[in-house]
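Open the model in your viewer and keep the selection box at hand. The stops below are in the order in which to select them.

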Amino acid sequence: MRASQYLISTQKEPPAEAEVISHQLMLRAGLIRKLASGLYSWLPLGLRVFRKVEAIVREEMDASGALELSMPVVQPAELWQESQRWSQFGAELLRIRDRHDRDFCLGPTHEEVITDIVRNDIRSYRQLPINLYQIQTKFRDERRPRFGIMRTREFCMKDAYSFHLDEASLQKTYDGMYQTYSNIFERCGLDYRAVIADTGSIGGSHSHEFHVLAESGEDAIVFSDSSDYAANIEKAQALTPIEDAAAPAEIMLQVATPGDKTIDQVCKTLSIEPRQMIKTLIVTAPDADGQHQLFALVVRGDHQLNEVKAQHALQLDNEIGMASEEQIYKALNCAAGSLGPVDLPITLVVDHSAANLATFTCGANRDGYHLRGVNWQRDCPTYIRADIRNVVTGDPSPDGLGNLTIKRGIEVGHIFQLGTKYSEIMKARVLDENGVERVMHMGCYGIGVSRIVAAAIEQNNDERGIVWPDSLAPFQIALIPINLHKSEHVKKTAEEIYAQLTAAGYDVLFMDENKARLGSMLADVELIGITHRLVIGERGLNDGNIEYRHRRESENRLIATADLMDHMRQQIHT
RNA sequence: CGGGGCGUAGCGCAGCCUGGUAGCGCACUACACUGGGGGUGUAGUGGUCGCAGGUUCAAAUCCUGCCGUCCCGACCA
């Protein structure tokens with residue numbers, strides 16, 4: 001590609017709105033432009049990178065035996081009502097109405113549509129297993145889009161869905177996808193980890209997430225320091241020993257804590273440690289009739305609530321959310337900062353480590369007062385015990401081997417064993433070899449194609465800009481002539497080399513703008529992150545040399561003009 | 001959804017407090033010089049100052065409402 005005929009839209013300064021490095025660099029390098037919150041255009045240069053990721057995903061999916069298809073973005077409400085997710089999915093599901101006043105949604109995922117296809121087109125076990133995938137735009141009306149392309153409302157996802165006669169077959173395909181995903185992220189040059197995950201709103205049983213390790217990651221991932229255990233913090237079990245309820249040791253006392261709203265403030269006033277307190281959190285979730293019910297959750301003062309675990313402990317299908325001040329006041333006649341479990345008139349779930357406290361301090365359910373010397377057995381005997389807190393660094397690993405450390409990750413892939421969650425309710429069945437109708441087992445497998453681009457930048461950048469892994473660079477080679485307009489020699493050689501490299505199948509960006517300055521060309525090429533660069537100047541040519549530099553290196557290497565093609569072959573195919 | 005910030009040229013910002021000519025840097029156009037790491041000079045292009053209403057002789061500036069956008073929070077008990 002000739003730069004004179006291409007759109008290179010770089011900027012010196014990052015737009016004020018960009019916070020994380022990948023977002024800044026994507027804007028500065030001219031890969032993307034924002035249209036509205038969570039909606040981005042891909043400029044030609046960015047699209048080239050996007051296509052490279054897409055191609056890797058497609059090649060590996062095809063190699064795994066999966067079949068590509070394409071399904072609509074707009075989906076009829078009926079299918080979602082049938083799977084019951086029309087009511088379960090929440091506000092992220094963007095619902096729209098057509099001119100006939102019929103309900104539709106923009107697809108955030110495609111379990112319903114694929115299940116509808118398969119139940120109509122597959123009638124026999126002989127056609128199973130089958131794995132169908134698409135690479136396509138999804139829409140999720142995120143409560144808060146952020147970090148540029150990382151969390152957008154419209155994004156590109158590879159989603160695959162497999163169908164099986166039994167669990168054994170599903171497990172086999174699942175294992176195959178695990179390997180395929182590893183291949184894909186490997187080829188994308190990413191430092192990633194597969195971790196055990198919660199299944200969230202998609203549902204199902206077993207599930208792994210693939211995370212790219214990065215400080216800016218939105219997820220916390222926990223690792224054992226002495227085994228290969230790795231899990232999303234949402235899923236990591238806290239191995240708290242369950243102790244018998246202790247007998248009361250102190251008298252329960254009400255103490256004034258005027259104005260104290262946080263654990264820290266109360267601790268300061270009463271001169272105690274957070275671990276001697278408990279916090280009482282009020283959550284709410286809609287029940288089957290859409291009524292909002294309140295639940296009280298208790299964790300130790302130095303621990304954090306794990307909403308996913310809490311949802312499971314409460315056996316709720318719908319996601320829970322923190323109750324508003326208003327809801328709390330209406331139901332409990334008390335501000336959130338002064339709540340406690342004693343005589344609380346709603347369902348109470350207590351985390352194991354909070355339940356293990358023999359004596360603790362908590363809110364008195366009266367504004368400005370707390371209770372000291374509280375004992376579960378004596379003062380608050382009725383509650384449900386469960387694991388509802390996040391693990392913390394140093395907790396024992398759930399597999400019994402070693403202790404946990406915590407890192408941050410960007411979720412780029414997720415594989416699920418759905419079992420019969422959708423096939424059952426949507427009646428996706430086949431006849432088995434005995435002519436008996438059986439519900440199919442399903443798996444589903446997602447990859448955030450656009451997110452991979454941002455994740456790759458998060459992991460690969462320096463003060464000059466992006467440093468693409470070879471496999472993702474928008475161009476493999478940048479060809480930079482010096483004084484193109486003045487030196488016939490440079491011009492002729494550059495043209496020849498451009499022709500040769502292009503003929504050899506390389507993606508070359510030829511910086512052929514007549515009066516471009518060396519400095520700005522180099523700055524652009526480095527910002528854009530092109531992996532290999534060649535500089536052709538009169539001086540070098542007179543010595544028979546061309547200068548080569550890898551984006552990760554800081555010194556030029558002189559290559560004899562005659563050896564150039566060999567050199568590039570070595571650089572790019574090894 | 002709660003809190004806060006911001007909205008003035010493509011980008012980054014000043015001007016607003018104290019109302020009166022719309023400004024700077026980058027980018028862009030032309031010309032000249034320069035020519036191995038974002039060069040210099042001269043001359044230019046480009047703005048309904050987010051939108052609507054109000055106050056005023058006069059509003060980017062003051063007031064009201066709305067919209068957009070970003071960050072933080074939603075783990076606060």
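Chain A of this predicted model has 17 helices and 31 strands. With the whole chain in view, the C-alpha atoms fill a box of roughly 95 × 70 × 55 Å along the principal axes. Of its 574 residues, 53% count as buried. If contacts are limited to residues at least 6 apart in sequence, 69% of them join residues at least 24 apart.

**Stop 1: the five-stranded sheet**

Select β16, β14, β15, β17 and β20, which in that order make up an open sheet with mixed pairing. The edges are β16 (321–322) and β20; each has a single partner strand, so one side of each has no neighbour in the sheet.

Now narrow the selection to β17, residues 348–351. Which way do its side chains point? Leu348 and Val350 go one way, Val349 and Asp351 go the other, and all of them are buried.

Add β15 (residues 292–300), which pairs with β17 in the parallel sense over three bridges. Leu297 has Val349 of β17 as its bridge partner. Then add β20 (residues 384–386), also parallel to β17 and also joined to that strand by three bridges. Here Val349 stands opposite Ile384, and Asp351 has Ala386 as its bridge partner.

**Stop 2: β13, β19 and β18**

Select β13 (residues 253–256) and β19 (residues 369–374), an antiparallel pair with four bridges. Leu253 and Arg372 are bridge partners in this pair.

Keep β19 and bring in β18, which runs antiparallel to β19 and is joined to that strand by three bridges. Gly363 has His370 of β19 as its bridge partner. The two strands form a hairpin with five residues between them. Click on Asn365 in the turn: its phi is positive, at about 60°.

**Stop 3: the second largest pocket**

Next, show the second largest pocket, with a volume of about 330 Å³. To centre the view, select Lys261, Thr280, Leu281, Ala336 and Gly337, the closest to the pocket's centre among its 21 lining residues.

Which strand gives the largest share of this lining? It is β14, with five residues. Colour α7 (263–270), β14 (278–286), α9 (325–332) and β18 (360–363) as well, since each supplies at least two lining residues. Two of these strands have already been on screen: β14 in the five-stranded sheet and β18 in the hairpin. By class, twelve of the lining residues are nonpolar, six polar and three charged.

**Stop 4: the nonpolar cores**

Select Leu31, Phe185 and Trp468. Within the largest nonpolar core, which has 65 residues, these three touch the most other members. A separate core of 27 residues includes Leu132, Tyr422, Met440 and Met442.

Go back to Trp468 and show its surroundings. Apart from neighbours within four places in sequence, Trp468 is in contact with Leu31, Val49, Val453, Ala456, Ile457, Ala473, Pro474, Ile528, Gly529, Ile530 and Thr531.

**Stop 5: helix α13**

Select α13, residues 449–459. Val453, Ala456 and Ile457, already seen in contact with Trp468, are among the buried residues of this helix. How many of its eleven residues are buried? Ten are, so α13 is largely enclosed by the rest of the structure. The buried set also includes residues with polar or charged side chains, among them Ser450, Arg451 and Glu458.

**Stop 6: the cavity**

Keep Arg451 selected, as this residue of α13 also lines the largest cavity. A search of the whole structure finds one cavity of 30 Å³ or more, and the space in the largest cavity is about 40 Å³.

To see the full lining, add Met150, Arg151, Glu218, Asp219, Gly409, Ile410 and Glu411 to Arg451. Which strand gives the most to this lining? That is β21 (residues 404–419), with three residues. What classes of residue make up the lining? Five are charged, two nonpolar and one polar.

Key
Residues are numbered from 1 along each chain as its sequence is written. Chains are lettered from A and ligands numbered from 1 in the order in which they are written. This is a predicted model: local features need pLDDT of at least 70, side-chain atom pairs count only at pLDDT 80 or more; totals for chains, interfaces and linings use all residues. Side-chain values use heavy atoms; hydrogens and water are left out. On a 1 Å grid over the protein atoms alone, a cavity is a set of points where a 1.4 Å probe fits but cannot get out, and a pocket is an open set with protein on both sides within 12 Å along at least five of seven lines; lining residues have an atom within 4 Å of a point. Grid points are joined across faces, edges and corners, and a volume is the space filled by probe spheres set on the points. A nonpolar core is a set of buried Ala, Val, Leu, Ile, Met, Phe, Trp, Tyr and Cys residues joined through side-chain atoms within 4.5 Å. Buried means under 20% relative accessible area, exposed over 50%, partly exposed in between (1.4 Å probe, protein chains only). Contact means heavy atoms within 4.5 Å. Two strands pair if DSSP finds at least two bridges between them.
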